[in-house]
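This report looks at how a ligand is held by the protein that surrounds it. Please keep the structure in view while reading.

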Amino acid sequence: MRATNANVADMLAALAGGVGAARFLSGLLDVVPATEVTAIVNTGDDDKFHGLWVCPDLDSVTYHLSGNHNHETGWGLADETFRVMEGLDRFGSPTWFRLGDRDLATHLYRTERLNAGATLSEVTSEIAKAWGLEINLIPMTNDRVATRITIADNHEEQSLQEWFVKNQSTPVVESVRFENAEMAQAAPGVIEALSQAETIIICPSNPIISISPILAVPKIREVLIDRRDHVVGVSPIIAGRTVRGPADRLMDALGIEVSCVGVAATYQDFCGTLVIDSRDADLAGRVNSLGVRAVISDTMMSNSRIAAALARETVAART
Ligand code: GDP
Ligand code: CA
């Protein structure tokens with residue numbers, strides 16, 4: 001493995017949400033050395049529960065890439081128990097956001113370090129290292145950016161986790177905003193990684209609540225627009241449907257076509273190439289006509305072999 005002195009020309013950067021990104025990145029690390037990859041992760045989902053700072057997307061990527069994710073639930077750690085949540089139920093504390101006993105150690109450690117003055121990127125790198133990761137994992141920003149969801153029928157604004165977990169993403173959405181994003185600075189290393197990467201990958205993540213918050217950080221958007229020809233996205237929408245999660249409902253509510261064409265329209269300012277699924281081959285012409293070059297591949301990552309093949313084709317997709 002080419003360990004520490006990776007050629008700059010080989011470097012890859014990836015914009016990542018949670019589970020969709022993690023599955024893709026896991027395939028990517030089967031085909032390129034982890035030390036050549038910088039993953040820039042959404043923090044718009046982050047929130048405080050029981051006084052603890054929780055970063056769902058960073059933790060999904062960390063747990064998944066270290067092979068410790070929970071296959072059944074799709075979130076959290078394997079072999080998890082919920083004794084602390086049961087204990088909190090006794091006091092009537094709200095426990096709709098389920099934090100497992102093993103998982104709680106991550107949030108306790110992160111919160112303690114943040115309270116002691118460490119930045120989120122410092123703590124993220126410590127946590128990734130402790131789980132044995134060699135990939136460079138960075139939060140998009142060390143500033144607080146919060147994804148806020150406005151509900152259509154009563155115009156009430158909710159935090160992302162209230163809408164997604166507590167209300168199971170059922171209330172119809174009127175709009176989505178990223179509180180404080182305009183003021184946020186990219187975390188150290190983010191702009192450097194995006195400027196130097198041979199290819200910038202937009203992982204198959206939720207375009208509205210995983211990728212858009214990252215692009216809402218002004219400097220990140222600027223550098224991506226500048227480097228549009230180096231950016232390759234992977235569509236999270238296959239045959240008009242999300243593989244899992246609420247991306248389809250969100251796109252539909254915001255008036256975006258639920259297809260790889262809608263994804264291309266959302267990304268067209270900063271993404272030169274989009275990998276779309278072979279089931280959507282008939283939509284390639286419409287993606288191309290948006291000025292986004294469509295590359296057709298098998299994007300349903302049903303096993304690690306397909307994920308690795310998709311990663312290889314994504315890296316090769318940039319001309
Ligand atoms: P979350 O924050 O945990 O919801 O994760 P992400 O935002 O990273 O990923 C959610 C998106 O990943 C959803 O829109 C899914 O459709 C997409 N996704 C999950 N698995 C696959 C897959 O195998 N192939 C593709 N193309 N997209 C996937
Ligand atoms: Ca997420």
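In this predicted model, a backbone N or O atom of Pro 204 lies 2.9 Å from an oxygen atom of ligand 1, and the table sets this pair beside two others that also involve backbone atoms of the protein.

| Residue | Protein atom | Ligand 1 atom | Distance |
|---|---|---|---|
| Pro 204 | backbone N or O | oxygen | 2.9 Å |
| Pro 236 | backbone N or O | oxygen | 2.8 Å |
| Thr 299 | polar backbone atom | nitrogen | 2.6 Å |

Taken alone, ligand 1 exposes 590 Å², and of that area the protein buries 94%. The space that ligand 1 takes up is the largest pocket.

Which residues are the closest to ligand 1? Ligand 1 is surrounded by 21 residues, and the closest of these are Ser 205, Ser 210, Val 243, Thr 299 and Met 301. Thr 299 therefore appears twice in this account, as one of the closest residues and, through a polar backbone atom, as the partner of a nitrogen atom of ligand 1 at 2.6 Å. Helix H1, which spans residues 19-28, contributes four residues to the shell around ligand 1, and this is the largest share.

As for confidence, the protein averages a pLDDT of 96, with 97% of the residues scoring at least 70. Over residues 1-5, however, the pLDDT is below 50, and this stretch has seven contacts in the model beyond near neighbours in sequence.

Key: Residues numbered from 1 in each chain as written. Chains lettered and ligands numbered in written order. Predicted model: local features only at pLDDT ≥ 70, side-chain atom pairs only at ≥ 80, totals over all residues. Heavy atoms only, no water. pLDDT = per-residue confidence, 0-100. Contact = heavy atoms within 4.5 Å. Near = heavy atom within 4 Å. Polar contact = N/O pair within 3.5 Å; in protein donor to acceptor, adjacent residues only side chain to side chain. Areas by Shrake-Rupley, 256 points an atom, 1.4 Å probe, with all protein chains shown as cover. 1 Å grid on protein atoms, 1.4 Å probe; cavity = no way out; pocket = protein on both sides within 12 Å on 5 of 7 lines; lining within 4 Å. Sits in = over half its atoms within 2 Å of the grid points. Helix = DSSP H or I, 4+ residues; strand = E, 2+ residues; numbered from the N terminus.
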